[in-house]
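The following exercises concern a protein structure and the reasoning that can be drawn from its atoms. Each task is followed by a solution in steps.

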Amino acid sequence: MSSNKPMPVATSLSAPFWDGLKAGKIMLQQCGDCQQWTFYPRRHCSHCLSHNVAWKEVSGKGTLYTFTVARVPTLPEFAGAELQILAVVELEQGVRVNTTLIGLDPEQIEIGMPVKPVRARVSEDGTVLLRYTGANVDLTERDEVPKAPPAPTADSGPAKQQIAVTDEAALKALVSDEYSAWSNQVLVDQNLINAFAELSGDNYWIHTDPERARKEGPFGGTIAHGALVQVLMSRMQVPLTFEITGFTNMVNYGSERLRFPSPVPAGSLVHSRARVKAVERNKRGTQLTLEFNVHVVGQERPAVINDLVILYM
Amino acid sequence: MGLKGQAAIVGAAQYKPEKYSTAPQMFHLEQVADLAAQALADAGLKASDIDGLCINGPHFHEASSFVPAMAAEYLGIALNFAEVVDLGGTTAVGMIWRAAAAIELGQCQAVLCVIPQRMAPFGPDEDPSAMARAMRYGGHSTQFGAPEAEFDLPYGHMGQNTGYAMIAQRYAAQYGYDPRALAKIAVDQRTSAQAHPDAIFRGQTLTIEDVLNSKMVADPLHILEIVMPVAGGAAVIVASKEMAAKARNRPAYVTGFGERLGYKSPTYSPDMTETPVGPAARGAFAMSGLKPQDMHTAQIYDCYTITVLLSLEDAGFCAKGEGMRFILENDLTYSGNFPMNTHGGQLSFGQAGAAGGFSQVIEGYQQIAGRAGDRQLKVCDQVFVSGTGGVMSEQGALILQGA
């Protein structure tokens, strides 16, 4: 499963660092001449330019030098259920590293606090990033490779208010500016996007060619078809608090408004919520307009807005 | 050592800051020629007087190398001095002292310093998504082998906001933090912007509460403490004393400068709260023989409010850790007792990319020349100008003096 998050590409100079992380070790370079430590990896000592540098295993422990909570994720891909907390950690060896803090709430974080490394597996190729958490948090490694969340069970969701289709007043009372709770989450990965491309015949490279999309596209990788995300509604169970009864037939009458305001990068989790926007009686029957909004998890801006019209006859 | 004050700013031109979506699209060479003509007219000089050029290399639209030669050809001028300056937000300050130094060495007599920052028209084969792609990672390189591509981007460290936010958080842990003091920088500058006809936020005043209630982007920075990018561009002409004597307006002599950089990411600085503004400003003051308290105005590079706080302290306008008190106790508007960023600063005037730093240089020049209109200071003979590039990582300082 791919993700559009930038991944480290090891060079011949830095490979021991990344290989070390994969093998559970934190490797740093130390100068054999001036004994000082260097980070990030270089051919030379960053203090005296000596080439006499050697890789050493270190504990990775350090103190928090500074941090910030990115209330606006630095890339859409960093939006998620978890806050993006960027940090700089000063290791025992004196070098500083750019990292992120996990397993901590912002109010638990204090500059100068002791922190310890967390090995975060971020890709199926085994790439591990060096994240950090509080020294006393029970966390040493974490699997962050995107996985499909479980499908919802048939009887999940809130108890539903039964409303007869003839009860116009009760139906009108459903109209609200407030959205429902979120649905279950669905993973939009490259396999799903490819399958949709084949089915629909829309195999434009921005959806199907990760390599080209990374190099030439504006989003750092592939994005899902808007139409795909729209139909994924069927996989999302929005916990509506009502159920309409007493009709003979119910039709999906189409959409009053369909917008794709923001992209869904491959590898994103999406979920949705809804509200009743309008209730109308006409010759054909009772017409309910439900505004469904699909969001990438953690993103404020919806990826799909669909004002779905359902006709009860 | 250093400058002897034999070179001066004698003319300037600056496009009115506009939103990229509404600003005219012009080729960068076209903007260079247009801005040059306006600056020459402002100075009362002619094109053939120009024999030096400082121009931006990065982000120049029509070429990524051979830029000075291409520009000289386009302008139809011959150069004895040509320089590409690549110092982010302190490019403008860096251009001015390089021009002054080249003039004092006798290498040339009048230098055009110019940065075009309106968008160029898209060609048929040009990829509009290239711009979106470049903006996605801020000023971070994505090239194979670039340390930041490998050790910053995968963690989400990119762009400027979170870097400045982390500096502010570190400052807060060391010296305390009063959000109202930081907000007051934006508010006082907004007041001054009301007196600049070209300021993008003219007509929209601001209160401390407005700033503190605005969206939090990265703790502790609110969106109204962060500069807004605009289309624009600017040119300044630096000329020899002999040529300055013929200039139409009162020249602003360049009597001191400093420059300091040693890292791109402040993560690798010796101390995040001791910025390179310190050595840059000390160098500039020492060269001019003046002190911070001799300045009639300070034009401080202001990509963020925290940039201003740290610059005021490190340049010596107040002691370390005293910046917030200094801001609260002084009126920073053009009519105040410590007039700073009298054009509104980039926060309220608009930040035209790398040309944004010119707004501070040009305001300093116009105040000395007595041409700052409604915001003109009664006395203005000595001006401090700072430049900040990267994440407080490339810094420059200038002392400008009226004769």
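**Exercise 1. State how many residues each chain gives to the contact between chain A and chain B, and describe the area buried there.**

Solution. The model is a predicted one.

Step 1. Chain A contributes 47 residues to the contact, and chain B contributes 37 residues.

Step 2. The two chains bury about 3500 Å² between them, and 59% of this area lies on carbon and sulfur atoms.

Step 3. Within the area that chain A buries against chain B, 19% is supplied by Tyr65(A), Arg96(A) and Asn98(A), more than by any other three residues.

**Exercise 2. Determine which elements of chain A give two or more residues to the side that touches chain B, and what classes of residue are found on that side.**

Solution.

Step 1. Begin with the polar pairs: 23 residue pairs are in polar contact between chain A and chain B, with both residues at pLDDT 80 or more.

Step 2. The elements of chain A that give two or more residues to this side are helix H1 (15-22), strand S4 (62-70), strand S5 (84-91), strand S6 (96-100), strand S8 (128-134) and helix H5 (210-216).

Step 3. S4(A) gives the most, with seven residues.

Step 4. Sorted by class, the side of chain A that touches chain B holds 27 nonpolar, twelve polar and eight charged residues.

Step 5. Ser14(A) belongs to the segment before H1 of chain A. Apart from residues up to four places away in sequence, Ser14(A) touches Pro41(A), Glu150(B) and Phe151(B). Its relative accessibility is 2%, so Ser14(A) counts as buried.

**Exercise 3. Find how many salt bridges are counted between chain A and chain B, and examine Arg71(A) with its partner.**

Solution.

Step 1. Three salt bridges are counted between chain A and chain B. Over all chains, the count comes to 34 salt bridges.

Step 2. Arg71(A) forms a salt bridge with Asp219(B), and their closest N and O atoms are 2.7 Å apart. Arg71(A) lies in the loop between S4 and S5 of chain A, while Asp219(B) lies in the loop between strand S5 (216-218) and strand S6 (221-222) of chain B, so the pair joins two chains.

Step 3. The accessibility of each partner is then assigned. Arg71(A) has 38% relative accessibility and therefore counts as partly exposed. Asp219(B), at 14%, counts as buried, the cut-off for this class being under 20%.

Step 4. Lys215(B) forms a salt bridge with Glu300(A), with the closest N and O atoms 3.6 Å apart.

**Exercise 4. Describe the salt bridge of Arg96(A) with Glu90(A) and that of Glu83(B) with Arg98(B).**

Solution.

Step 1. The side chains of Arg96(A) and Glu90(A) meet at 2.9 Å, N to O. Arg96(A) is buried, with a relative accessible area of 10%, whereas Glu90(A) is partly exposed at 26%.

Step 2. The side chains of Glu83(B) and Arg98(B) meet at 3.3 Å, N to O. Glu83(B) lies in strand S3 (residues 81-85) of chain B and Arg98(B) in helix H3 (residues 91-104) of chain B, so the pair ties together parts that are 15 residues apart in sequence.

Step 3. Glu83(B) counts as partly exposed at 26% relative accessibility, and Arg98(B) is buried, with a relative accessible area of 16%.

Step 4. A network of salt bridges with shared partners joins Asp177(A), Arg257(A), Arg275(A), Lys277(A), Glu291(A) and Asp307(A).

**Exercise 5. Is helix H7 of chain B largely enclosed or largely open, and what do its buried residues pack against?**

Solution.

Step 1. H7(B), residues 179-193, has 15 residues and reaches 21 Å from its first C-alpha to its last, close to the 21 Å expected at 1.5 Å a residue.

Step 2. Twelve of its 15 residues are buried, so H7(B) is largely enclosed by the rest of the structure. Among them are Leu182(B), Ile185(B), Val187(B) and Arg190(B).

Step 3. The buried residues pack against helix H8 (208-213), helix H11 (305-314), helix H12 (323-329) and helix H13 (345-349) of chain B.

Step 4. At the start of H7(B), a side-chain oxygen of Asp178(B) comes to within 2.9 Å of the backbone nitrogen of Arg180(B).

Methods:
Residues are numbered from 1 along each chain as its sequence is written. Chains are lettered from A and ligands numbered from 1 in the order in which they are written. This is a predicted model: local features need pLDDT of at least 70, side-chain atom pairs count only at pLDDT 80 or more; totals for chains, interfaces and linings use all residues. Side-chain values use heavy atoms; hydrogens and water are left out. Contact means heavy atoms within 4.5 Å. Buried area is the accessible area (1.4 Å probe) that two parts lose on being put together, summed over both. A salt bridge is a side-chain nitrogen of Lys or Arg within 4 Å of a carboxyl oxygen of Asp or Glu. A polar contact is a pair of N or O atoms within 3.5 Å; within protein, one must be able to donate a hydrogen and the other to accept it, and residues adjacent in sequence count only if both atoms are side-chain atoms. Helices (H or I, at least four residues) and strands (E, at least two) are DSSP runs, numbered from the N terminus. Ala, Val, Leu, Ile, Met, Phe, Trp, Tyr, Cys and Pro count as nonpolar, Asp, Glu, Lys and Arg as charged, and the others, Gly among them, as polar. Buried means under 20% relative accessible area, exposed over 50%, partly exposed in between (1.4 Å probe, protein chains only). The expected span of a helix is 1.5 Å times one less than its number of residues.
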